[in-house]
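This report looks at how charged and aromatic side chains meet one another. The sequence and the structure are shown first, and the text then goes through the contacts group by group.

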Amino acid sequence: MTWEQRKLRDEAIEILAGGDINKEKTVENGKYPIYANALTNDGIVGYYDDYYRVTAPAVTVTGRGEVGYAKARMTHFTPVVRLLAVCSNHDCYFLENAINNHKVVVESTGVPQLTVPQLSSYNIFFPANGKEEVRIGKYFHTLDNLITLHQRL
């Protein structure tokens, strides 16, 4: 099967950076998660009951600290601080794996940071067949779940 290399910006519906938390609207257990750069607690820093900024499915990518870590999100959510979000018509699990296997080049000497323009310029290889992309995404998602399960034992 043939694969095509494309810029992420050309394949995304939208790539955006998180903003500020509206602390007045946050709740401890709500319907829509608020995700930050944290890798602990799945990145959840709170919830909103009646608001979200990104429609699922989408992929979040850490933009500061441990930069470049992608995670498929299957629930509507709001990214905050320097968390980036990629909305596309591609399979989220495939895109998560493709981004996680992309070498991150940090361009600053200060705090490592990944910006929307940098992420947008990623060259990603996509299979020409969408069904193959879904199968690959499902395979890697299942493999990640098995690894996580075995790490807990």
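## A network of salt bridges

In this predicted model, E4, R6 and E11 are joined in a network of salt bridges. Within that network, E4 pairs with R6, and the closest N and O atoms of the two side chains are 2.5 Å apart. E4 is partly exposed, with a relative accessible area of 37%, and R6 is likewise classed as partly exposed, at 22%, a value that lies above the 20% under which a residue would count as buried.

Over the whole structure, a search finds four salt bridges. As a general matter, side chains of opposite charge can pair when their charged atoms come close.

## Two partners for D42

D42 lies in the loop between β4 (32-35) and β5 (44-48), and the residue takes part in a salt bridge with K71 of strand β7 (residues 70-73), from which D42 is separated by 29 residues. The distance in this salt bridge, taken from N to O, is 4.0 Å. Both side chains are partly exposed, K71 with a relative accessibility of 27% and D42 with a relative accessible area of 36%.

A salt bridge also joins D42 to R73, where the closest N and O atoms are 3.1 Å apart. Because R73 belongs to strand β7 while D42 belongs to the loop between β4 and β5, this pair ties together parts of the chain that are 31 residues apart in sequence. R73 is buried, since its relative accessible area is 6% and the limit for that class is 20%. R73 has a further contact, in that its charged end sits over the ring of Y35, at 3.7 Å from the ring centre.

## Aromatic pairs

The structure contains six aromatic pairs. One of them is formed by Y48 and Y51, whose rings are arranged edge-to-face, with 5.5 Å from centre to centre and 70° between the planes. The two tyrosines fall into separate classes of accessibility: Y48 is buried, at a relative accessible area of 3%, whereas Y51, at 37%, is partly exposed.

Another pair is made by F94 and F126, with ring centres 5.9 Å apart and planes at 35° to each other, an arrangement described as tilted. This contact links distant parts of the chain, for F94 is in helix α2 (residues 92-100) and F126 is in strand β10 (residues 123-127), 32 residues apart. F94 is buried, with a relative accessible area of 5%, and F126 is also buried, with a relative accessibility of 0%. Together with W3, these two phenylalanines, F94 and F126, form one aromatic cluster.

## Helix α2 and its start

How much of the helix that carries F94 is covered? Helix α2 is mostly covered, as eight of its nine residues are buried. The buried residues in α2 include the aromatic Y93 and F94, and among them there are also C92, L95, E96, N97, A98 and I99.

At the start of α2 there is a contact between a side chain and the backbone, in which a side-chain oxygen of D91 comes within 3.2 Å of the backbone nitrogen of Y93. Y93 itself is one of the buried residues of the helix.

Terms used:
Residues are numbered from 1 along each chain as its sequence is written. This is a predicted model: local features need pLDDT of at least 70, side-chain atom pairs count only at pLDDT 80 or more; totals for chains, interfaces and linings use all residues. Side-chain values use heavy atoms; hydrogens and water are left out. Rings of Phe, Tyr and Trp (its six-membered ring) pair if their centres lie within 6.5 Å; planes under 30 degrees apart count as stacked, over 60 as edge-to-face and the rest as tilted. Buried means under 20% relative accessible area, exposed over 50%, partly exposed in between (1.4 Å probe, protein chains only). Helices (H or I, at least four residues) and strands (E, at least two) are DSSP runs, numbered from the N terminus. A charge sits over a ring if NZ of Lys or CZ of Arg is within 6 Å of the ring centre and within 35 degrees of the ring normal. A polar contact is a pair of N or O atoms within 3.5 Å; within protein, one must be able to donate a hydrogen and the other to accept it, and residues adjacent in sequence count only if both atoms are side-chain atoms.
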